[in-house]
Amino acid sequence: MAAMATLCSLGETSIAPLIAALVDKNEDTARRAELALVTIGEASVEPLIAALTNQNAGLRKEAAAVLGQIGNTKAIPALIETLADDDRAVRIEP
């Protein structure tokens, strides 16, 4: 928990590790990474949009979920594109 709080306080420099942690095998770690990215907010939008094209379907799904929680309209076109994703779980997330 302390590590996630520290990453959140670092802002932009912590976004890439937090995005990677969205698919951590430890559900608590993944959930805290999600919360930290939502807390960081707008600065995490562009990197999360980029994550929507990652090869890992789980990461694409989680990135879409976090973008939905942030609610920044910049993400709308990218989220619409996820409706055509090959993976069903990604398509139904937005």
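This text goes through the nonpolar core of a predicted model and then through its salt bridges.

The core comes first. The largest nonpolar core is built from 22 residues. Within this core, the residues with the most contacts are I19, L22, L37, L48, L52 and L67. Five helices each give two or more residues to the core: α2 (15-21), α3 (27-40), α4 (45-51), α5 (57-70) and α6 (76-81). The largest share comes from α5, which gives 5 residues.

L67 can serve as an example of how a core residue is surrounded. Leaving aside residues up to four places away in sequence, L67 touches V45, L48, I49, L52, N72, A75 and L79. Two of these neighbours, L48 and L52, are also among the residues with the most contacts inside the core.

The next topic is charge. Side chains of opposite charge can pair when their charged atoms come close. How many salt bridges does a search of the whole structure find? The search finds 5 salt bridges, and three of them are described here one by one.

One of them lies within a single helix. D28 pairs with R31, and the closest N and O atoms of the two are 2.9 Å apart. Both residues belong to helix α3, where they are 3 residues apart, or about one turn of the helix. D28 has a relative accessibility of 29%, so D28 counts as partly exposed.

Another salt bridge joins the side chains of E46 and K74, with 3.9 Å from N to O. This pair links distant parts of the chain, since E46 sits in helix α4 and K74 in the loop between α5 and α6, 28 residues apart. Is E46 buried, exposed or partly exposed? Its relative accessibility is 44%, and therefore E46 counts as partly exposed. K74 is also partly exposed, because its relative accessibility is 42%.

The side chains of R60 and D85 form a further salt bridge, at 2.8 Å from N to O. Here too the pair links distant parts of the chain: R60 is in helix α5, while D85 is in the loop between α6 and α7 (88-92), 25 residues away. Are R60 and D85 buried or exposed? Both of them are buried.

Salt bridges can also share partners, and in this model such sharing joins D28, R31 and R32 into one network. D28 and R31 are the pair already met in helix α3.

Key
Residues numbered from 1 in each chain as written. Predicted model: local features only at pLDDT ≥ 70, side-chain atom pairs only at ≥ 80, totals over all residues. Heavy atoms only, no water. Core = buried A, V, L, I, M, F, W, Y, C linked by side-chain atoms within 4.5 Å. Buried < 20%, exposed > 50% of the residue type's maximum accessible area, 1.4 Å probe, protein only. Helix = DSSP H or I, 4+ residues; strand = E, 2+ residues; numbered from the N terminus. Contact = heavy atoms within 4.5 Å. Salt bridge = Lys/Arg side-chain N within 4 Å of Asp/Glu carboxyl O.
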